[in-house]
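User: I'm new to this and keep tripping over the vocabulary. Could you take me through the terms with this structure as the example?

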2 protein chains.
Amino acid sequence: MAKPNKTKRPKAENPKGFRDYFGAEVTERSRMLEQIADVYRLYGFDPLESPAVETVEALGKFLPDVDRPNDGVFAWQEEDDWLALRYDLTAPLARVFAQHRNDLPTPYRRFAMGPVWRNEKPGPGRFRQFYQCDADTVGTASVAADAEICAMLADTLEAVGIPRGDYIVRVNNRKVLNGVMEVAGVLDPSDPEKHADERGIVLRAIDKLDRLGTDGVRALLGEGRKDESGDFTKGAGLTDRQAELVMRFMGAAGLEETALWAELRALVDGSDVGEEGVSELRHIQELLVAQGYGPDRIIIDPSVVRGLGYYTGPVFEAELTFEITDEKGRPRQFGSVAGGGRYDDLVKRFTGQAVPATGISIGVDRLLAALRAKGRLDGAAVGPVVVTVMDRDRMADYQAMVGELRAAGIRAEVYLGNPKNFGNQLKYADRRESPVAIIEGADEKERGVVQIKDLVLGAQIAKDATLEEWKSQPAQFECARADLVAEVRRLLDRRG
Amino acid sequence: MAKPNKTKRPKAENPKGFRDYFGAEVTERSRMLEQIADVYRLYGFDPLESPAVETVEALGKFLPDVDRPNDGVFAWQEEDDWLALRYDLTAPLARVFAQHRNDLPTPYRRFAMGPVWRNEKPGPGRFRQFYQCDADTVGTASVAADAEICAMLADTLEAVGIPRGDYIVRVNNRKVLNGVMEVAGVLDPSDPEKHADERGIVLRAIDKLDRLGTDGVRALLGEGRKDESGDFTKGAGLTDRQAELVMRFMGAAGLEETALWAELRALVDGSDVGEEGVSELRHIQELLVAQGYGPDRIIIDPSVVRGLGYYTGPVFEAELTFEITDEKGRPRQFGSVAGGGRYDDLVKRFTGQAVPATGISIGVDRLLAALRAKGRLDGAAVGPVVVTVMDRDRMADYQAMVGELRAAGIRAEVYLGNPKNFGNQLKYADRRESPVAIIEGADEKERGVVQIKDLVLGAQIAKDATLEEWKSQPAQFECARADLVAEVRRLLDRRG
């Protein structure tokens, strides 16, 4: 390990791509994690906390987003082992289930929340440590488990403060696309590796529909596409008939209910896996509708491709549908805040047995950003009542006041900096966003009273005012020392 | 980065010294962290969450326990930087304060809770990732800040369920020992490096009082000591007079109030730092007594040495005083669960300016172990109500039941494994510690009723019984389908 040079001062900086979270940011996230945990628990999921550190061997290389350029982890060698920080909560779940499977109930429903780390190039708003909040059901192939995850996701979004109508959960199924690929002749069930490159190009092309439009995607399915800069991207080389099938699959998203199912069935006609996929989707929808989760909350949407390269069956995505204003003042959709699906191979790596599993991962930091953008976080916690120090020899008197306030459940503190400059005490209270300051000088002490200053009202003036000016503000009043707690309570209650 | 061999299956194992936490363990810890945060917040402390990863340069080498054999961190090289996992929450606080000092209020009161990592040899009950829960006040030299931290520590222990009388907060002051050392002639204020080795031996000797007894410590202060195996430990080489002063300092802990202060004053007579230390201790005690924190909660105790090598002024330690039974069935004191003190040099590393700071760190995992040992954790969360699947084609019916139960705030789930073997469904419910199972077969469906099974009563019999035997148990009863939620509620309420 490199030792810092002792004669040089270290830089007080986060490593690149890491940041600190202060005050309300921390509180708001904790509260959201609790709200999410409450829903997960209600659905019968149990908490699991695995450590941040795993062996590289156990983590494997299963990063969900295949297109990511630097799919790195933070890893280091420790004696004989390579260790790494977990990059998600799914890989550790696979390890945990394989390790403890004899002691765990099956199906195993677990939720996990905590930071994950990615060794990627940081960017604006993109950090190398961020929170995930996952729920997974391991050990059941039943699509009732998938349906339940979707319903729970909708409930969770509402629990954290996204009203119905402001979000939509979209459901697709990898098997349907596989069926379309099979019918198109780019997937051979007896030789799954064949045409893998073409399928990769098709998946990436579908994923670019938003950006390239129908013509752009169509070009990528065929010979390829030249972009504005003149760069050429090689296409999948599908024939017109093959490309047409894929385009119809993507177009199916716009169809109304009855036509949608007919079109999907037609597209996968003759493919076992495709027909299974359509049946599964249909069954998920039936279960959801029976529970009252209609298209105002959850829809079947063949245009969802995110994660189709990773998951093996149903795929879910939750999107916030309201507009926010971006940094350039343009309105835009907020977009995806959660994703998940069914994966059957993770545990198999360890045990050799395929264990079906399905789950969801909520991007807590994005969800917090969305609520903040909409002004739906109820803001910072209340700052503490600050008892100022007029006479440093009477610290015990001031401590007694905060003791009484705290005993009444009111956040309070004595100013502990150098009390000489009273203005600094007021600046401090201001910076803490204190609602109230208490003043007890020698005169007040003698008369058995204290001054109570409403800082929310008085903040602006207080900033530069001298003590005497400040005391004359109408937002300040005097009360008997014995009434201190009651008067502060009254003032705080008035603010709500 | 080493890639795992693709043809070999990875081992499903935690790295050495790491473990997973399941269910109630996670919930109990979250609840305790919340309880602690509530007290910290009440005292005016604000949350801070810094990332797990810091530069090695910023972390420095400040591990608090000087005697630790492998005071290592987990570190790795990343491009030009060496990065490391934080080993405590104090070193990151120093970096944060140095980095953000112009935007933070001063004094800055912050609390932080989260895992820290130590690259040490793991042992029984000793893990390489564990939780800390810290509160610190940065930027004030006032001992009122130290007194407040002690009071808050006492309040916190009571808030998490340690009754008054079952804990004690001990306070000492590094400066008093320094004064004794100065009077003894092993500390020269004008040349602080001189005699550093001797002082190190003295500190370690005092720390071993419990284990070695008075004679053993006395030997280590002098020439040295031969232990039972014949190994010789070199002593500090103090003269009789010098050693006597140190022994008197340690003995002072047993004195009653008035004698204690007289003895401490006598021991440091002539040493400026020593006299300052005694005054500070006295002032801390006065402030605490004025707030009602008497010797039933907080005492001045010169025998506290833990951390004396690290801290620069007052030192605090919280100990649980009740006995528990150790793994060999012997009664023993539970011991320390929190420690802290004043340190003035951490921020100076970055800025060149000494910034006085004081704080406390609570060992959350030890505190949880203590409460568990005393049976004071209110146990596992309630398992979910399990709706069994008698007819797999009626999944929507069963989902409707759990939907109703959840809407009433009752934790519930449908059995999602293979429903063919009903016994497996009951075993599952058993493993989940479900209080209630619901059964609705074709017959029940037709008659508009459901079976409600009290599993807590019926658990033993249910394990091996066939469905029919199980249904005949008295703990099972039938109710109208429409009364499902009300009946389950009634049953759960009866259990409390």
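User: What makes the meeting of helix 6 of chain A and helix 7 of chain A a contact?

Analyst: Contact means heavy atoms within 4.5 Å. On that basis I201(A), V202(A), A205(A), I206(A) and D207(A) from helix 6 of chain A meet L209(A), V217(A), L220(A) and L221(A) from helix 7 of chain A. Sorted by class, those residues are 8 nonpolar, no polar and 1 charged. The classes go like this: Ala, Val, Leu, Ile, Met, Phe, Trp, Tyr, Cys and Pro count as nonpolar, Asp, Glu, Lys and Arg as charged, and the others, Gly among them, as polar. As for geometry, the axes of the two helices come within 7 Å and cross at roughly 150°. By the way, this is a predicted model: local features need pLDDT of at least 70, side-chain atom pairs count only at pLDDT 80 or more, and totals for chains, interfaces and linings use all residues. Residues are numbered from 1 along each chain as its sequence is written, chains are lettered from A and ligands numbered from 1 in the order in which they are written, and side-chain values use heavy atoms, with hydrogens and water left out.

User: Why are helix 5 of chain A and helix 8 of chain A called roughly antiparallel?

Analyst: Their axes cross at roughly 160° and come within 9 Å. Axes here are lines fitted to C-alpha atoms, for helices over the stretch in contact, and angles run from 0 to 180 degrees between N-to-C directions. Angles under 35 degrees count as roughly parallel, over 145 as roughly antiparallel, 65 to 115 as roughly perpendicular and the rest as oblique. So helix 5 of chain A and helix 8 of chain A are roughly antiparallel to each other. Their crossing is right-handed (the near helix is turned clockwise from the far one by less than a right angle; anticlockwise would be left-handed).

User: Which residues meet there, between helix 5 of chain A and helix 8 of chain A?

Analyst: V176(A), L177(A), V180(A), V183(A) and A184(A) in helix 5 of chain A meet a set in helix 8 of chain A that includes R241(A), L245(A) and F249(A). The contact divides into 8 nonpolar, 1 polar and 1 charged residues.

User: How do you know that the two copies are related as by a two-fold rotation axis?

Analyst: Chain B can be laid on chain A by a turn of 180° and a shift of 0.0 Å along the axis, with an RMSD of 0.1 Å. The fit is by least squares on the C-alpha atoms of residues with pLDDT of at least 70 in both. The two copies are thus related as by a two-fold rotation axis. In chain B, the C-alpha nearest that axis belongs to W76(B), 2.8 Å from it.

User: Why do you say that the copies meet through the same surface?

Analyst: Because 99% of the interface residues of chain B are also interface residues in chain A.

User: What makes H195(A) and P107(A) worth a look?

Analyst: Most residues other than glycine have a negative phi, and most peptide bonds are trans. H195(A) is not a glycine, yet has a positive phi of about 65°. You'll find H195(A) in the loop between helix 5 and helix 6 of chain A. The peptide bond from T106(A) to P107(A) is cis, with omega near -5°, and P107(A) sits in the loop between helix 3 and strand 6 of chain A. In chain B, a cis peptide bond joins T106(B) and P107(B), with omega about -5°. Helices (H or I, at least four residues) and strands (E, at least two) are DSSP runs, numbered from the N terminus.
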